[in-house]
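Trainee: Could you take one part of this model and walk me through it closely? I would like to see how a single spot connects to the rest.

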Amino acid sequence: MFDLVIIGGGPAGVAAGVYAARKRLKTIFITELFGGQSTESVGVENWIGTKKISGLDFGKALEEHLRSSASDSVEIKTGIKVVHLEVEPPSGGSTSKFLIKTSDGTSYTAKTVLITTGSTRRKLEIPGAKEFENKGITYCASCDGPLFADQDVAVIGGGNAAFETAAQLLAYAKSVILLNRSDTFRADEVTVRKVLSHPNMKAVKNVVLKEIKGSKFVSSLIYEEAGEVKEIPVTGVFVEIGLVPTTDFVKELIPLNKYGQIPVDPRTQRTAVEGIWAAGDSTDGLYHQNNIAAGDAIKALENIYLDLHTK
Ligand SMILES: Cc1cc2nc3c(=O)[nH]c(=O)nc-3n(C[C@H](O)[C@H](O)[C@H](O)COP(=O)(O)OP(=O)(O)OC[C@H]3O[C@@H](n4cnc5c(N)ncnc54)[C@H](O)[C@@H]3O)c2cc1C
């Protein structure tokens, strides 16, 4: 049996993994991929100690750091997902333990669990959204932006991610229209001002999206603005309407908040379930950033170590 299972290989999981190795906790580290959400970023410029790093290099650096620290304490499993987690209650004098099942059909047991599974992109729920996924509807300007060179594209959303996406697309696209549901943009004022000053940029507020149309690929977008229904020709729709915590696999075990996040005690990162900690974007932490995810996971690891050695 392992002392600890760490689930997720973003900044939170990797930070905890490095600390677990240094503390010689017998750990099983399971992640689908290394690096987490920032691997989609063209450049991360606020990872402390590193002036600028591409998202892909950020993922590689995290993996290298963990592999070089792991020694015989941390066993790393990548390319698989944890699909099920359950508590096995204490029996015959032994304490409770956790049973972890993975997508390749393997099971592991551990005394404690740290969940760092982060989040994924929220999707549109309008006619055409499913049909045109990856056929014009996309979630990554840095990956797919160049495919839309000299074309008309739309960005859905009004936060920093939406405006940063628009800024990236302006380098390639003929025109960018940003459609926002409410009458205020949540993005930083300076970003909004800069992006909207571009001659090929337009933004519309108070928009109700109706439908995405096309034949093989997206060809237009229908929305309602002030009671008027409009159809605009676009070939790309970049969706930036928020994130969904990756917590589905524990929803039967841990009470989640209304956003699907795992509530934690911010002093220790403990969840409501004895023996389970969580850190990073999968939690109800107020701010979601790489440095915060890593710091919170280290906090959790310190508390896990104490828990394992004081019981
Ligand atoms: C495009 C983009 C750019 C960003 N840029 C910045 C930036 O410049 N600076 C900054 O500070 N923040 C940035 N952020 C936010 C930052 O990426 C997140 O706050 C951070 O990634 C959260 O880290 P995490 O470890 O909690 O989760 P994540 O990074 O989401 O990592 C979760 C990991 O868990 C794995 N996983 C998920 N489910 C399972 C499962 N069931 N089993 C096994 N593994 C699983 C995933 O493969 C993934 O590797 C950006 C976010 C996005 C989307």
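**A close look**

Mentor: Start with T165. Setting aside residues up to four places away in sequence, T165 touches A141, V155, F238 and E240. Keep in mind that this is a predicted model. Where does T165 lie? T165 belongs to helix α4. Is T165 buried or exposed? Its relative accessible area is 4%. The cut-off for buried is under 20%, so T165 counts as buried. Now follow its side chain. The side chain of T165 reaches the backbone oxygen of A161, at 2.9 Å.

Next, place the helix. α4 covers residues 160-169. Which strands does α4 lie across? They are β9 (152-156), β10 (175-179), β11 and β15. The helix runs at about 165° to β9. Look back at the contacts of T165: one of them is V155, and residue 155 falls within the span of β9. Another is F238, and residue 238 falls within the span of β15.

Now the sheet itself. This open sheet has 5 strands, and their pairing is parallel. Read across in order: β8, β15, β9, β10, β11. Which strands form the edges? They are β8 (137-138) and β11 (201-204), each pairing on one side only. Take the β8 edge. β8 pairs with β15 (residues 236-239) in the parallel sense, over 2 bridges. Within that pair, T138 stands opposite F238. You have met F238 already: it is among the residues that T165 touches. One general point helps when you look at any such sheet. In a regular strand, side chains alternate between the two faces of the sheet.

Two loop residues deserve a glance. N134 sits in the loop between β7 and β8. Its phi is near 65°, a positive value in a residue other than glycine. N134 is exposed, because its relative accessible area is 63% and the cut-off for exposed is over 50%. D150 sits in the loop between α3 (141-144) and β9. D150 is not a glycine either, yet its phi is positive, about 60°. At 61% relative accessible area, D150 is exposed too. Set these against T165, which is buried at 4%.

Move along the chain to β12, β13 and β14. β12 (residues 207-214) and β13 (residues 218-225) run antiparallel, joined by 7 bridges. They form a hairpin, with 3 residues between the strands. In this hairpin, I212 has L221 as its bridge partner. β13 then joins β14 (residues 228-233) through 6 bridges, again antiparallel. This hairpin has 2 residues between its strands, and A226 in the turn has a positive phi of about 50°. Here E225 stands opposite E228 in β14.

Stop at S220, a residue of β13. S220 counts as buried, because its relative accessibility is 6% and buried means under 20%. What does S220 contact, leaving aside neighbours within four places in sequence? The list is E211, I212, K213, E231, I232, P233 and V234. With E231, the side chains of the two residues make a polar contact of 2.6 Å.

Finish at the ligand. How many residues surround the ligand? The answer is 31, and the closest are L33, Q37, S38, N46 and V82. Look at the oxygen atoms of the ligand. One lies 2.8 Å from a polar backbone atom of L33. For the side chain of Q37, a ligand oxygen atom is 2.7 Å from an N or O atom. For the side chain of S38, that distance is 2.8 Å. Taken alone, the ligand exposes 1,000 Å², and the protein buries 87% of that. Which elements give two or more residues to the shell? They are β1 (2-9), α1 (11-22), β2 (27-34), β7 (119-121) and α6 (290-310). β2 gives the largest share, 4 residues.

Notes
Residues numbered from 1 in each chain as written. Predicted model: local features only at pLDDT ≥ 70, side-chain atom pairs only at ≥ 80, totals over all residues. Heavy atoms only, no water. Pairing = 2+ DSSP bridges. Contact = heavy atoms within 4.5 Å. Axes fitted to C-alpha atoms, helices over the stretch in contact; angles between N-to-C directions. Buried < 20%, exposed > 50% of the residue type's maximum accessible area, 1.4 Å probe, protein only. Polar contact = N/O pair within 3.5 Å; in protein donor to acceptor, adjacent residues only side chain to side chain. Near = heavy atom within 4 Å. Areas by Shrake-Rupley, 256 points an atom, 1.4 Å probe, with all protein chains shown as cover.
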